[in-house]
Amino acid sequence: MERLLNAMTILSIVLMIAVLFSVRRSHIRVEYSVSWLGASLFLLILSRSHWTLNWIAEQLGLSYPPLALIILVFCVFLVVFYRFSVVISDLKDANIAMAQRLAIVEFQLQSQNEEQ
Amino acid sequence: MRRASGPNDLLILIPAFNESGAIAGVINEVRGVLPDAPILVVDDASSDGTYDLAKSAGARVLRLPHHLGLGGCVQAGYKLAFELGYAYVIRVDGDGQHDPAYIPRLLEVLQQTGCHMVIGSRFYEQNGQHTSMARAFGIGLFRLVLRPILGKPVRDPTSGFVGVNREALQVFTGSFPLEYPEIEALVVLQRKRFQFQEVSCRMRPRKTGRSTITAVKSLYYLIHVLLGVFVNVLKFEGRRRKK
């Protein structure tokens, strides 16, 4: 169990550093880094706090606490992916509307030029 | 392109993506049937010269900056038609499957019945049109699903040979399905309690290119469309309050 928790601690710290570096280099916008930083912080706390993990495992009726950690990791990433699906859908809608608008404006400009 | 000048102005809308082999022929055929109707080709970022060929054939071309797919392409045309004040828009596919000889009939039904959408249907009357077994199964399934939602049968829900009036045009400028739009568009209109009619038409085999619905994509198409239909049903407004 200890090995798994240590691995989880290292993973969450690596994730946190990677996200911070990506924000610094403008590869990820600050507003989208919050989800990842929140998720990695949550995992860091869980992997270092045996009491919290044991308590959650007990509440879930699990006799093996690391299983609770794996389930929680899965849930955290599910929430993050869901959030990004919403963001991607919004961006796609905006992108389509903008492409259509651009085409229409270009078309109308061309029509005006031809009329003059 | 001129703005609509009267309450009955019709625009012919031709969405096209890599249809260089057929587009000029389709435009010329439409011209032969309706010499005075403006023709708008919406080029969905083709890479094969569709844009130039459509312009050479005398159509006005709305060129999208990047590929949006059929729904985004058709909606762009609807938005422009609405802004230019057109009262009716009839969509004819750029692959030559739709026979422009039926356009006057579609327009007549739109104008005389006051319905919001008219569909050129292969199966409305027994006109000897056959389709593959897989496609026939899909169409049969969609008919079954759509019957209770639309409140009346629709024989050819996958037909892209459709005409709309200005009210439907306004709805579609705000909400139009992006992929495989034909079936979901019917549900979008039903949400507004709009009416549609079917008109018997013969479809021809496409002149060039391939259908966007390949064998591999068929299952995805089926699931996507069914999901899209149910999502649109969830958006139905509740019963109107009695005044």
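1. **The A–B interface.** In this predicted model, 14 residues of chain B are in contact with 8 residues of chain A. Contact means C-beta atoms, placed from the backbone, within 7 Å. On the chain B side, strand 3 (60–63) and helix 3 (69–83) are the elements that give two or more residues. Helix 3 of chain B gives the most, with 6 residues. By class, the side of chain B that touches chain A holds 8 nonpolar, 3 polar and 3 charged residues. Here Ala, Val, Leu, Ile, Met, Phe, Trp, Tyr, Cys and Pro are nonpolar, Asp, Glu, Lys and Arg are charged, and the others, Gly among them, are polar.

2. **Conventions.** Residues are numbered from 1 along each chain as its sequence is written, while chains are lettered from A and ligands numbered from 1 in the order in which they are written. The model is predicted, with local features needing pLDDT of at least 70 and side-chain atom pairs counting only at pLDDT 80 or more, while totals for chains, interfaces and linings use all residues.

3. **Chain B overall.** Chain B has 8 helices and 7 strands. These are DSSP runs numbered from the N terminus: helices are H or I with at least four residues, strands E with at least two. Of its 243 residues, 42% count as buried. A residue is buried with 20 or more other C-beta atoms within 10 Å of its own, exposed with 12 or fewer, and partly exposed in between. Take the chain B contacts between residues at least 6 apart in sequence: 77% join residues at least 24 apart.

4. **Helix 3 of chain B.** The helix is mostly covered, with 12 of its 15 residues buried. The buried residues include L70(B), C73(B), V74(B), Y78(B) and L80(B). Its length checks out: at 1.5 Å a residue, the 15 residues should span 21 Å, and the end C-alpha atoms are 22 Å apart, which agrees. The expected span is 1.5 Å times one less than the number of residues. Just after the helix, G85(B) takes a positive phi of about 90°.

5. **Nonpolar cores.** The largest core has 68 residues, and L40(B), V41(B) and V89(B) have the most contacts inside it. Helix 3 of chain B gives the most to this core, with 7 residues. A second, separate core of 6 residues includes M8(A), L43(A), L46(A) and A68(A). A core is a set of buried Ala, Val, Leu, Ile, Met, Phe, Trp, Tyr and Cys residues joined through C-beta atoms within 7 Å.

6. **Helix 5 against helix 8.** In chain B, helix 5 (residues 133–150) and helix 8 (residues 218–234) pack at about 5°, with axes 12 Å apart. That makes helix 5 of chain B roughly parallel to helix 8 of chain B. Roughly parallel covers angles under 35 degrees, roughly antiparallel over 145, roughly perpendicular 65 to 115, and oblique the rest. The contact includes F142(B) and V145(B) of helix 5 and L222(B) and V225(B) of helix 8. Its residues divide into 9 nonpolar, 2 polar and no charged. Axes are lines fitted to C-alpha atoms, for helices over the stretch in contact; angles run from 0 to 180 degrees between N-to-C directions.

7. **Helix 7 against helix 8.** The axes of helix 7 (residues 181–191) of chain B and helix 8 of chain B come within 9 Å and cross at roughly 5°. These two helices are therefore roughly parallel as well. I183(B), E184(B), V187(B), V188(B) and R191(B) meet V225(B), G228(B), V229(B), N232(B) and V233(B). This contact has 6 nonpolar, 2 polar and 2 charged residues.

8. **Positive phi outside glycine.** Y180(B) has a positive phi of about 45° although it is not a glycine. Y180(B) sits in the loop between helix 6 (166–174) and helix 7 of chain B. This residue is buried, with 22 other C-beta atoms within 10 Å. R193(B), also not a glycine, has a positive phi of about 60°. R193(B) lies in the loop between helix 7 and strand 7 (196–200) of chain B. R193(B) is exposed, with 11 other C-beta atoms within 10 Å.

9. **V154(B).** This residue is in the loop between helix 5 and strand 6 (162–165) of chain B. With 22 C-beta neighbours inside 10 Å, V154(B) counts as buried. Beyond neighbours within four places in sequence, V154(B) is in contact with R143(B), L146(B), L186(B) and E198(B). The C-alpha atoms of V154(B) and E198(B), 44 residues apart along the chain, are separated by 7.6 Å.

Methods
Contact = placed C-beta atoms within 7 Å.
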